Every structure is written in C-alpha cells, then in structure tokens.
Amino acid sequence: MTLKEYRRKRRFSVTPEPEGEHSAAAKHAKPLLYVIQKHQASHLHYDFRLEWEGVLLSWAVPKGPSLDPSVKRLAMPTEDHPIEYASFEGTIPEGEYGSGTVMVWDQGEWTPEVEDVDEALEKGDLKFTLHGKKLKGSWVLVRTGGRFGGASGRPSWLLIKHRDSFASPKDVTIEQSRSASTNRSLAEIAQAEGGDVAKAAAGDGLTAKKPAPPKTPARRRPHQTQGKKK
Ligand code: MN
C-alpha cells in the first residue's frame, strides 16, 4: 500500500486532486471509509475505493456496481489513492492524468466480513458489508484468472452483490445518478469547476449503456469559402 504510483501520475501544481499525507505513519482509524467516484475521463467508469492500511484500495469498475446478484461487474485494480481523495469532487484539467469530471457517487463506511483482510486480498476473495448512502449490504470482490491489458497486465476482479435484503433488479447507476455529497450531475460539477460540460454531460444518465452516437455532424456555413482572405 503506497501512494508512489498515484503521485507519479499526477502534477499537483496543476490538478486539484489531493497529494495525500506524506507522514509515514499509516492511519488506521476506525471506521473504514468507502467511496465510489463516478469518473468521466476518456471513458465513463466508477472508481470503487475501500480504506485499508492508511490508503484507499482502488478498482475501476467500467459499468459501475449492480444490485443484482446474478450480475458480475468487471473491476480492474488501480493504484492506491490517499484517504483525502474520498471527498474529492471536481475537474481534473485537460492533459493531466484522468482528465475529466469526478463525482462522489456514493460514500460511507465498510466493514470486512473476513477475519484477515490482507489474507483475503492475497487470496483474491474479499467479502465485505457496505454502509453507503446508495449501496448497502453484503458484497464480494473476487479475483479471476483473467488479466486485462495483455498477459502481463494486472489481474481482473469482479464486484458482485450478495443475496440479501438490499439486492434488487433496479439499475442503481441510472436511478441514483447524482452526487451523494452535493446532489450534482456530472455536467453541473463540470460547469461549476471549469470543466468540459459537454463531455461531462455524456456521462449523465448513460451509465451501463453504450455512449450515444454522435449528433449530426456540424454543418458548414453555407457561405464559407476556402482560401479566400477577407
Ligand atoms: Mn478513474
């Protein structure tokens, strides 16, 4: 658990994302934070994060979580993030790592359902309970044999809801698409934080679906002529 890779990818003089505490002492205060950030970058995805050993363990979930226990959602491990990242909502500037709009889609706490979290992570089978504003109840993150990004890539995990009273066929990413912390849409966040509103808006309400086809190509002005100076 280290923030080396997280920091290497970012220029903190440019991006408003937190750099994270440099103190060596890992914070291990209870309760443990849980957050999902909806991130409209080059592709819309949901960054699933669990506090552990002073950092936020992170997985990118392209389609977001599903409340349906029969649905397995691909979760790709990404670099550990600083604890302070859990409340980050805003715009990452163009040209920076992950440039686009970030929304705090869900937030709360989590509790392990296993005795030894490190051992569960090592085994690739972590069962836990979420106490979020949107997601609750029992879940599992399980590592598969597959890898993404080729044979040398990181192993893929799956995020799956367990059967309990919080399971549902409803698409929570569609029905509760707004920020859990400010109730803003991605477009509203981009608008307020100086981001690309049109790009952000593409992620509003289109989760778990293919992106809408591009609109009618921009028409040329009828009077436009080439190679002529005014
Ligand atoms: Mn992301």
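A residue counts as buried here if 20 or more other C-beta atoms lie within 10 Å of its own, as exposed if there are 12 or fewer, and as partly exposed in between. Keep those cut-offs in mind for the views below, which all come from a predicted model.

**View 1. Strand β3 is mostly covered, and it has a strand partner in both β2 and β4.** Of the 7 residues in β3, 6 are buried. β2 (44–52) and β3 (55–61) pair in the antiparallel sense, with 7 bridges between them. Look for Phe 48, which stands opposite Trp 59 in β3. β3 also pairs with β4, residues 72–82, again antiparallel, this time over 5 bridges. To find this second pairing, start at Val 55 and look for its bridge partner in β4, Pro 82.

**View 2. A hairpin turn between β2 and β3 holds Glu 53.** Which residue in this turn has a positive phi? It is Glu 53, and the hairpin has 2 residues between its strands. The phi of Glu 53 is near 55 degrees, a positive value in a residue other than glycine. Glu 53 is partly exposed, because 13 other C-beta atoms lie within 10 Å, and that is more than 12 but fewer than the 20 that a buried residue needs.

**View 3. Strand β1 is largely enclosed and pairs with both β6 and β2.** Why is β1 called largely enclosed by the rest of the structure? Because 7 of its 9 residues are buried. β1 (32–40) and β6 (100–112) run antiparallel and are joined by 9 bridges. One place to see this is Leu 33, whose bridge partner in β6 is Glu 109. β1 is also joined to β2 by 7 bridges, and these strands run antiparallel too. Here Ile 36 stands opposite Phe 48 in β2. A hairpin through 3 residues takes the chain from β1 to β2.

**View 4. The largest nonpolar core brings together 38 residues.** Phe 48, Leu 56, Ala 75 and Leu 159 are the ones with the most contacts inside it. Several elements give two or more residues to this core, among them β1, β2, β3, β6 and the helix α4 (186–192). Others on that list are β7 (125–132), β8 (136–147) and β9 (155–161). In soluble globular proteins, nonpolar side chains tend to be buried together.

**View 5. Leu 159 has contacts spread along the sequence.** Leaving aside its neighbours within four places in sequence, Leu 159 is in contact with Phe 48, Val 61, Pro 65, Arg 73, Ala 75, Trp 139 and Leu 141. Phe 48 and Ala 75 will be familiar from View 4, where they are listed with Leu 159 for their contacts inside the core.

**View 6. Val 140 sits in strand β8.** Is Val 140 buried or partly exposed? Val 140 counts as partly exposed, because it has 19 C-beta neighbours inside 10 Å, while a buried residue needs 20 or more. Not counting residues up to four places away in sequence, Val 140 touches Asp 125, Leu 126, Lys 127, Ile 160 and His 162. Try finding Asp 125: 15 residues separate it from Val 140 in sequence, yet their C-alpha atoms are 7.0 Å apart in space.

**View 7. Asn 183 lies in the loop between α3 (172–175) and α4.** Asn 183 is not a glycine, although its phi is positive, at about 65 degrees. Asn 183 counts as exposed because it has 8 C-beta neighbours inside 10 Å.

**View 8. Zooming out shows 5 helices and 9 strands.** Along the sequence they follow the pattern α-β-β-β-β-β-β-α-β-β-β-α-α-α. Of the 230 residues in the protein, 32% are buried. Among contacts with a separation of 6 or more, 58% link residues 24 or more positions apart.

**View 9. Confidence varies along the chain.** The average pLDDT is 88, and 84% of the residues score at least 70. Over residues 24–29, however, pLDDT stays under 50, and the model has 6 contacts for this stretch beyond four places in sequence. Residues 224–230 also have a pLDDT below 50, with 0 contacts in the model beyond near neighbours in sequence. Where pLDDT is low, the predicted coordinates should not be read in detail.

Note on methods: Residues are numbered from 1 along each chain as its sequence is written. This is a predicted model: local features need pLDDT of at least 70, side-chain atom pairs count only at pLDDT 80 or more; totals for chains, interfaces and linings use all residues. A nonpolar core is a set of buried Ala, Val, Leu, Ile, Met, Phe, Trp, Tyr and Cys residues joined through C-beta atoms within 7 Å. Helices (H or I, at least four residues) and strands (E, at least two) are DSSP runs, numbered from the N terminus. Two residues are in contact if their C-beta atoms, placed from the backbone, lie within 7 Å. Two strands pair if DSSP finds at least two bridges between them. pLDDT is the predictor's confidence in each residue, from 0 to 100.
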